[in-house]
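Visitor: I have not met this structure before. Please walk me through it.

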Amino acid sequence: MPDPQPDPLSPVLDDIADLGALTRSLSGRYEAIFRGFRAALARRLDQAETMADAALQAMAMAEATVAAFRAAFPNQPALACTGGCAACCHLFVAVPPGVAQAMAAHIAATHPPATRDRLIADLRAAAAAAASMADPARLRRRCPLLGADDRCTVYDVRPPACRAFTSTSAARCRQLLDDPSRDVPQNAGQYRLFIEATAALQDAARRRALPAEQQGLAAALLAALDNADPGG
């Protein structure tokens, strides 16, 4: 009786099984990156003197980790985001603890009094518009911090939500202005890192027995600017 011929499909099935096991292993290591990042954030933020310092450190750590992702992972999509492309700067933004205080300190150091007065008036109007809506996330309004050249005037201290936003299509971003039900797919790793940074700031505030909820940017920045003004 002749020897049975080997199944020609066997090598393919073996490769699939091996690759499946490797994929599961890599998936676990991928998730461990975010757990490790969150733990590193917690250690660093608990050492910060103030929540404003913690916010600056959290955003810097997230930026550094995003850069590592983009350098290490192949086939990263080309982003359409560029200076002067400001469609996303018409979306409602919420900020975690410490961010508004860091922004207020930056504004106090870089904006002359007349510019600050105009900004405060614009922030009041934006906060009132958000407060008037049942769902502020559907608000479409030009950010008070956007300059006449459509560039962010506080780019170095912009909130985590702004840093997380990515797009491969400027046209798709512009569609958001007319249709709040649309969405823009995000770079998953970058988006998640800033979500982790936001949650870590909330956790750090709780450990300090401070309010931990996110607030609308305009309202939070108004309060922070008022507290930063000795005459306010």
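What follows is a short exchange of questions and answers.

Visitor: How many helices and strands does the protein have?
Guide: First, a caution: this is a predicted model. Along the sequence the pattern reads α-α-β-α-α-α-α-α-β-α. The secondary structure comes to 8 helices and 2 strands.

Visitor: Is the protein compact or spread out, going by its radius of gyration?
Guide: The C-alpha trace spans about 100 × 45 × 35 Å along its principal axes. For 232 residues, the globule rule gives 17 Å, and the radius of gyration is 23 Å. That is well over the rule, so the protein is more spread out than a compact globule.

Visitor: What share of the accessible surface belongs to carbon and sulfur atoms?
Guide: Take burial as background: 33% of the 232 residues are buried. The accessible surface comes to about 13500 Å². Of that surface, the share of carbon and sulfur atoms is 55%.

Visitor: Which helix gives the most residues to the largest nonpolar core?
Guide: In soluble globular proteins, nonpolar side chains tend to be buried together. The largest nonpolar core here has 43 residues. Helices giving two or more residues to this core include H1 (10-47), H2 (51-72) and H7 (188-207). With 8 residues, the one that gives the most is H2.

Visitor: Which residues does leucine 221 contact, leaving aside its neighbours within four places in sequence?
Guide: Leu221 is one of the four residues that touch the most other members of the largest core, along with Met103, Leu145 and Leu201. Two of those names return in its contact list, Met103 and Leu145. The full list, with sequence neighbours within four places left aside, is Ala100, Met103, Ala104, Ile107, Leu123 and Leu145.

Visitor: How many disulfides does the structure hold?
Guide: A disulfide needs two cysteine sulfur atoms within 2.5 Å. For cysteine 88, the nearest cysteine sulfur is that of cysteine 89, 4.2 Å away. For cysteine 173, the nearest is that of cysteine 85, 5.9 Å away. Neither residue is in a disulfide, and the count for the structure is 0.

Visitor: Is cysteine 173 buried or exposed?
Guide: Cysteine 88 makes a useful contrast: its relative accessible area is 27%, and it is partly exposed. Buried means under 20%. Cys173 also appears in a second, separate core of 5 residues, which includes Ala87, Leu176 and Val184. Its relative accessibility is 6%, so cysteine 173 counts as buried.

Methods
Residues are numbered from 1 along each chain as its sequence is written. This is a predicted model: local features need pLDDT of at least 70, side-chain atom pairs count only at pLDDT 80 or more; totals for chains, interfaces and linings use all residues. Side-chain values use heavy atoms; hydrogens and water are left out. Buried means under 20% relative accessible area, exposed over 50%, partly exposed in between (1.4 Å probe, protein chains only). A nonpolar core is a set of buried Ala, Val, Leu, Ile, Met, Phe, Trp, Tyr and Cys residues joined through side-chain atoms within 4.5 Å. Helices (H or I, at least four residues) and strands (E, at least two) are DSSP runs, numbered from the N terminus. Contact means heavy atoms within 4.5 Å. The radius of gyration is taken over C-alpha atoms; the globule rule is 2.2 Å times the number of residues to the power 0.38. Accessible areas come from the Shrake-Rupley method with a 1.4 Å probe; for residues, only the protein chains shown count as cover.
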